[in-house]
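Visitor: I should like to go through this structure with you, one point at a time. Please close each reply on the value or name I ask for.

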Amino acid sequence: MRRILAALLIFLLVIAPLSADKIEYEYEPYEEDEFPIWSHELRRAESIFFGSLVITFPVAMGVYSLASSLGMPTPNDDATKVLHQALIAGGLSLIIAGTDWLIGYLSDDTASQ
């Protein structure tokens with residue numbers, strides 16, 4: 001019975017793509033004003049936030065470990081330590097993304113004057 005089901009599944013997986021109709025669609029590039037400016041700024045902030053986590057998380061781990069070895073009281077639970085480190089890294093990344101937005105906002109303001 002298993003062989004019959006396996007053969008039927010393989011048969012359906014092979015036949016299904018062959019019977020599908022192709023969609024006739026041509027690519028249309030985005031227009032200049034298709035998306036509002038705030039969505040571009042939000043996308044940039046998101047990219048910078050998650051991109052900087054690659055740097056800020058190891059830095060937060062190192063600083064947390066250094067502070068722990070210097071006598072700062074830390075929890076015994078490993079999950080709580082990782083949560084604290086992730087919150088520190090997220091805060092640092094949020095500061096980096098906010099600083100980038102502020103620099104962009106101020107440079108656009110001075111360029112328009």
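Visitor: In which helix does Thr-56 lie?
Guide: The model is a predicted one, so local features are taken only at pLDDT of at least 70 and side-chain atom pairs only at 80 or more, while totals for chains, interfaces and linings use all residues. Residues are numbered from 1 along each chain as its sequence is written, and side-chain values use heavy atoms, without hydrogens and water. Helices are DSSP runs of H or I with at least four residues, strands are runs of E with at least two, and both are numbered from the N terminus. On that basis, the helix that holds Thr-56 is H2.

Visitor: Is Thr-56 buried or exposed?
Guide: Buried means under 20% relative accessible area, exposed means over 50%, and partly exposed lies in between, with a 1.4 Å probe and protein chains only. Thr-56 has a relative accessibility of 5%, so Thr-56 is buried.

Visitor: Which residues is Thr-56 in contact with, leaving aside neighbours within four places in sequence?
Guide: A contact requires heavy atoms within 4.5 Å. With those neighbours left aside, the partners of Thr-56 are Ala-89, Leu-92, Ser-93 and Ile-96.

Visitor: Which residues does Ile-88 touch, not counting those up to four places away in sequence?
Guide: Ile-88 is found in helix H3 and is partly exposed, at 40% relative accessibility. Its C-alpha atom is separated by 7.8 Å from that of Phe-57, 31 residues apart along the chain. Residues up to four places away not being counted, Ile-88 touches Ala-60 and Tyr-64.

Visitor: What separation is found between the C-alpha atoms of Ile-103 and Leu-53?
Guide: Ile-103 belongs to helix H3, residues 78-111. Ile-103 is exposed because its relative accessible area is 55%. Ile-103 and Leu-53 are 50 residues apart along the chain, and their C-alpha atoms are separated by 20 Å.

Visitor: Which residues does UniProt list for "transmembrane region"?
Guide: UniProt positions follow the numbering used here, feature names are shortened, and annotations may be inferred rather than shown by experiment. In the model, one listed span is 96% helix and 0% strand, with its end C-alpha atoms 32 Å apart; another is 100% helix and 0% strand, with its end C-alpha atoms 31 Å apart. The unreviewed UniProt entry lists residues 48-70 and 82-103.

Visitor: What angle lies between the planes of Tyr-30 and Phe-35?
Guide: Rings of Phe, Tyr and Trp (its six-membered ring) pair if their centres lie within 6.5 Å; planes under 30 degrees apart are stacked, over 60 edge-to-face, and the rest tilted. The structure holds three aromatic pairs. Tyr-30 and Phe-35 form an edge-to-face pair, 5.1 Å centre to centre, and the angle between their planes is 70 degrees.

Visitor: What angle lies between the planes of Phe-49 and Phe-50?
Guide: Phe-49 and Phe-50 also form an edge-to-face aromatic pair. Their rings are 5.0 Å centre to centre, and the planes differ by 85 degrees.

Visitor: What is the radius of gyration of the protein chain?
Guide: The chain comes to three helices and zero strands. The radius is taken over C-alpha atoms, and the globule rule is 2.2 Å times the number of residues to the power 0.38. For 113 residues that rule gives 13 Å, so the chain is more spread out than a compact globule, with a radius of gyration of 26 Å.

Visitor: Which helix has the highest confidence?
Guide: The predictor's confidence in each residue is its pLDDT, from 0 to 100. The chain mean is 88, and 93% of residues reach 70 or more. Confidence is lowest in helix H1 (residues 2-19), at a mean of 81, and highest, at 95, in helix H2.
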